[in-house]
Amino acid sequence: MDIRQKKKFFYSQNSLKTFLECPKKFKYRYIEGISWSRSDDLVKEAIEDGETLHSVAERYFLGIEDDFYYKNRDKTMIWMENLKKAFPLKTEDIYRCEYEIRQRKEGINMMARYDLINFKFTGEIEIFDWKTNKTEFDKKVVEDSLQTKIYLFLLTENLNLFNINYFKFKNISMTYWQVKFPHSPIKIEYSSQSHNDNKAYIKNLIETIDSYDFENCKKVPIKSCNFCEFSSICKD
Ligand code: SF4
């Protein structure tokens, strides 16, 4: 069954990004339901680093700092120390870790999982995303990224989940923190104009996918074919 027709299906950052990268890859993954992952050492290491950082950050913001969990993990303890220095816990703030938001309204059927949403006592609401990339991000690229659009949009649309019915756009932001560049977090401010633009962009993208003719989807060779998990079966 076409996954788009399943009642429980919500578009995510990953699925939308996959479609933008290659509609045929979207077809393999989300319509035919074929799931493969690369298994080389570099990819495994990146996945393990990502999972560890998210776990460390979640435990830190939940107030769990026992070193039993991290024993013999020098790298992990350094990450924890860097987190502490960059984001000292404030008792007046509210922290929501690994928080999932889903919505099905106005033609936007979408979900996202947030590494951290920080509701500050000052009224600011800051989304945090933890990254383990080896190269430092460029603010402009991050600002225009699909993740930034989706995460800021979805949270703003669903603030009622947190009993927030009044807010100012200038109080909402998203910060990317790269554990390998702990002193240069990238903070993206939000605005009413960005919100309207994001809504139009996401709605249009979902409508495009919903009406896309995947039956006649052809292979259009692109650079990423060389790294694609479907390259051995993708012939035309
Ligand atoms: S091999 Fe290329 S065209 Fe085929 S699914 Fe992968 S990225 Fe798309």
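1. In this note, Ala, Val, Leu, Ile, Met, Phe, Trp, Tyr, Cys and Pro count as nonpolar, Asp, Glu, Lys and Arg as charged, and the others, Gly among them, as polar. The structure discussed here is a predicted model, and the points below take up its largest pocket before turning to a pair of helices.

2. By those classes, the lining of the largest pocket is made up of 19 nonpolar, 13 polar and 17 charged residues. The pocket has a volume of about 2,000 Å³, and of the 49 residues that line it, Asn-14, Lys-17, Ile-47, Lys-131 and Asn-133 lie nearest its centre.

3. Which elements give two or more residues to this lining? They are the helices α1, α2 (23-31), α3 (41-61), α5 (139-143) and α6 (146-157), together with the strands β2 (108-119) and β3 (125-131). The largest share, nine residues, comes from α3.

4. Helix α1 (residues 13-21), which has a part in the pocket lining, also packs against helix α7 (residues 192-210), at an angle of about 70° and with the two axes 11 Å apart. Because angles of 65 to 115 degrees count as roughly perpendicular, α1 and α7 are therefore described as roughly perpendicular to each other. Their crossing is left-handed.

5. Where the two helices touch, Leu-16, Phe-19 and Leu-20 in α1 meet Tyr-201, Leu-205, Ile-206, Thr-208 and Ile-209 in α7. Sorted by class, this contact holds seven nonpolar residues, one polar residue and no charged residues, whereas the lining of the largest pocket includes 17 charged residues.

Notes:
Residues numbered from 1 in each chain as written. Predicted model: local features only at pLDDT ≥ 70, side-chain atom pairs only at ≥ 80, totals over all residues. Heavy atoms only, no water. Axes fitted to C-alpha atoms, helices over the stretch in contact; angles between N-to-C directions. Helix = DSSP H or I, 4+ residues; strand = E, 2+ residues; numbered from the N terminus. Parallel < 35°, antiparallel > 145°, perpendicular 65-115°, else oblique. Left-handed = near helix turned anticlockwise from the far one by under 90°. Contact = heavy atoms within 4.5 Å. 1 Å grid on protein atoms, 1.4 Å probe; cavity = no way out; pocket = protein on both sides within 12 Å on 5 of 7 lines; lining within 4 Å. Points joined across faces, edges and corners; volume = space filled by probe spheres on them.
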